[in-house]
Protein chains: 2
Amino acid sequence: MPLPDLARQIAAGDRRALARAITLAESTLAGDRARATVLFDALPKGREALRIGLTGTPGVGKSTFIEAFGLMLTGSGLRVAVLAVDPSSARTGGSILGDKTRMERLARDPHAFIRPSPSQTRLGGIARRSREVVALCEAAGFDVILVETVGVGQSETMVAGISDIFVLLMAPAGGDELQGVKRGIMELADLILVNKADGDLLPAATRTCAEYAGALRLIRPRGGDAPGFPKASMISALTGAGLEAVWQDIQTLAQHRRASGHWAQNRAAQAQDWFLEEVRHGLLARLETPDAQASLKALSSEVAAGRMTAPAAAEAFLTGSSAPSSAFAGDDRS
Amino acid sequence: MPLPDLARQIAAGDRRALARAITLAESTLAGDRARATVLFDALPKGREALRIGLTGTPGVGKSTFIEAFGLMLTGSGLRVAVLAVDPSSARTGGSILGDKTRMERLARDPHAFIRPSPSQTRLGGIARRSREVVALCEAAGFDVILVETVGVGQSETMVAGISDIFVLLMAPAGGDELQGVKRGIMELADLILVNKADGDLLPAATRTCAEYAGALRLIRPRGGDAPGFPKASMISALTGAGLEAVWQDIQTLAQHRRASGHWAQNRAAQAQDWFLEEVRHGLLARLETPDAQASLKALSSEVAAGRMTAPAAAEAFLTGSSAPSSAFAGDDRS
């Protein structure tokens, strides 16, 4: 299908067209990368979803929260996309097979779209694809995009870097466990939600929520915060208690940031980060062409045999004195 | 001074020449990088030190160990270089001011050379400089190079990647704490040394050492291991107990690896890694030239304003359709 047609179908809300575009964006073939760039250019501009980043350790009830929160949103007429970013599952080569089964009702909802983590081995690759999938879902007219991560390595920072609002989901805990939250993650959070505030765990959730509220007061104010944010709240994904209030909070914060200009600044900065990532990636991709690989292999043998130093071999490669410089002079794109 | 002269002075063991060369290698100026490459080419080939990587958390007695072990080696006529790799001190901008004061006697030893961590902000930069400093110390004729890290982030893996033998220094601990050692680090270790096996801590050290020995038996054999390795031993850096045995173990393992060919293979693989790092770094360095920076800035503004998508802007940059392609076609080197 010609790419402009695919772009039109995505814009019209065709889910199969969206899925095809995501597959194209996740492809690592050079030709597909060029096609993806053309596709992005053909997409409608100016459509903005509310991008909510979500993190929390396994067992905290993320899936239950996403299902309950997502169904509440679709129930009020909103279209919701859910994207998982899970470097750990990528690392073991496994898929989040459970992504659709663990959110069974949401997966069947015609107003929801669930996309598991791309099977990339490096976080850099995941970051890149995730940005593109978010952009595609935005062009497809979703109102809310939930980007979820289990928080391996730098994945929270990455997800925060493609979100408008960042939510940290926590379980009720003893006072000592509070220390376990990485300070950097606390500083990313706009909302801390203490889940499982129901039944026996309600007292512990109440205490934990107060502790997080106290911890948040120690964090210096950031640009773009509405009064009272960052904020800690109690919810029960199981009973649905507190979910309406969370949605209100998110809208309040989004509204404040839009009015103050912080929203647009943040979006612009994110787009610029994306651009620089693409440039770096495109530059390094030149090492993957057959010509470059052949040249690298030959020089690498010289280095292994001790006939050239590593810096001298790198210099030879980069100045093209040992290989057709075309391999990394920019004319290798199909 | 002409670089061939500097190379000759380094080879002759001139410490001031070595220090100047390290400063040159640590410089990020483009002209200095080119000079460093020429210098490496002029250095004598074939001089090999025994490179010992050393890690251990703060408080485990690393400085005491390095001083005692280093003095033992210099006392037997060997020349010893000590390099610190500490991403955490680099991050805070602070130097390991203590490097020389905490190893006061070794620092005054004419057969020892102590170099603190380079003040680079990213681990990638530290890795690169550390390789070069190791290569310079090798050319300067040091017999043993101790590369020390406190183990922040990936620094242990990086240090293991520039070492012939990797040593993990531990403190006596309760059984539960054994769990705290990252499995990946255990798998890197050739020797686990339980320090502070003296006085009151001797029983705990004995038990801890037995536990590590047990844990090491669960690790599958790796290529290049001599019988009985990886190995856990007790030492006291304070009294010097066990240090002679550690040196014997290191020599046994080194001898075994030289004889089996593992040593040469490992060295060749490390040189090839270095080469690829230099290539990647050199490619990305093209983004730092004034021409490239101007072009990136202009395109970044288009992206921020929403007039171009990030992939399209990256494409424009990489194909040179928005800037002189010379900025990243390889002729920007001085």
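Trainee: In what order do the seven strands of the open sheet in chain A run?
Mentor: This is a predicted model, where local features need pLDDT of at least 70, side-chain atom pairs count only at pLDDT 80 or more, and totals for chains, interfaces and linings use all residues. Residues are numbered from 1 along each chain as its sequence is written, chains are lettered from A and ligands numbered from 1 in the order in which they are written, and side-chain values use heavy atoms, without hydrogens and water. Strands (E, at least two residues) and helices (H or I, at least four) are DSSP runs numbered from the N terminus, and two strands pair if DSSP finds at least two bridges between them. With parallel pairing, the order in chain A is 3-2-4-1-5-6-7.

Trainee: Which are the edge strands of chain A?
Mentor: An edge strand here pairs on one side only. In chain A, that description fits strand 3 (112–115) and strand 7 (231–234).

Trainee: What does the twist average from one strand to the next?
Mentor: Axes are lines fitted to C-alpha atoms, for helices over the stretch in contact, and angles run from 0 to 180 degrees between N-to-C directions. From one strand to the next, the twist averages 20°.

Trainee: Which residue is the bridge partner of A:V194 in strand 7 of chain A?
Mentor: Strand 6 (residues 191–194) and strand 7 of chain A run parallel and are joined by four bridges. In strand 7, A:V194 has as its bridge partner A:M234.

Trainee: What angle does helix 12 of chain A make with strand 1 of chain A?
Mentor: Helix 11 (residues 202–217) of chain A packs on the sheet and touches strand 5 (165–170), strand 6 and strand 7 (contact: heavy atoms within 4.5 Å). Helix 12 (residues 243–260) of chain A also packs on the sheet, touching strand 1 (50–55), strand 4 (144–149), strand 5, strand 6 and strand 7. The direction of helix 12 makes with that of strand 1 an angle of about 125°.

Trainee: Which residue caps the N-terminal end of helix 2 of chain B?
Mentor: Helix 2 of chain B covers residues 15–26. A side-chain oxygen of the capping residue lies 2.8 Å from the backbone nitrogen of B:R16 (polar contact: N or O atoms within 3.5 Å, one able to donate a hydrogen and the other to accept it; residues adjacent in sequence count only if both atoms are side-chain atoms). The cap is B:D14.

Trainee: What relation links chain B to chain A?
Mentor: Chain B can be laid on chain A with an RMSD of 0.0 Å by a turn of 180° and a shift of 0.0 Å along the axis (least squares on C-alpha atoms of residues with pLDDT of at least 70 in both). The relation is therefore that of a two-fold axis.

Definitions and conventions
The expected span of a helix is 1.5 Å times one less than its number of residues.
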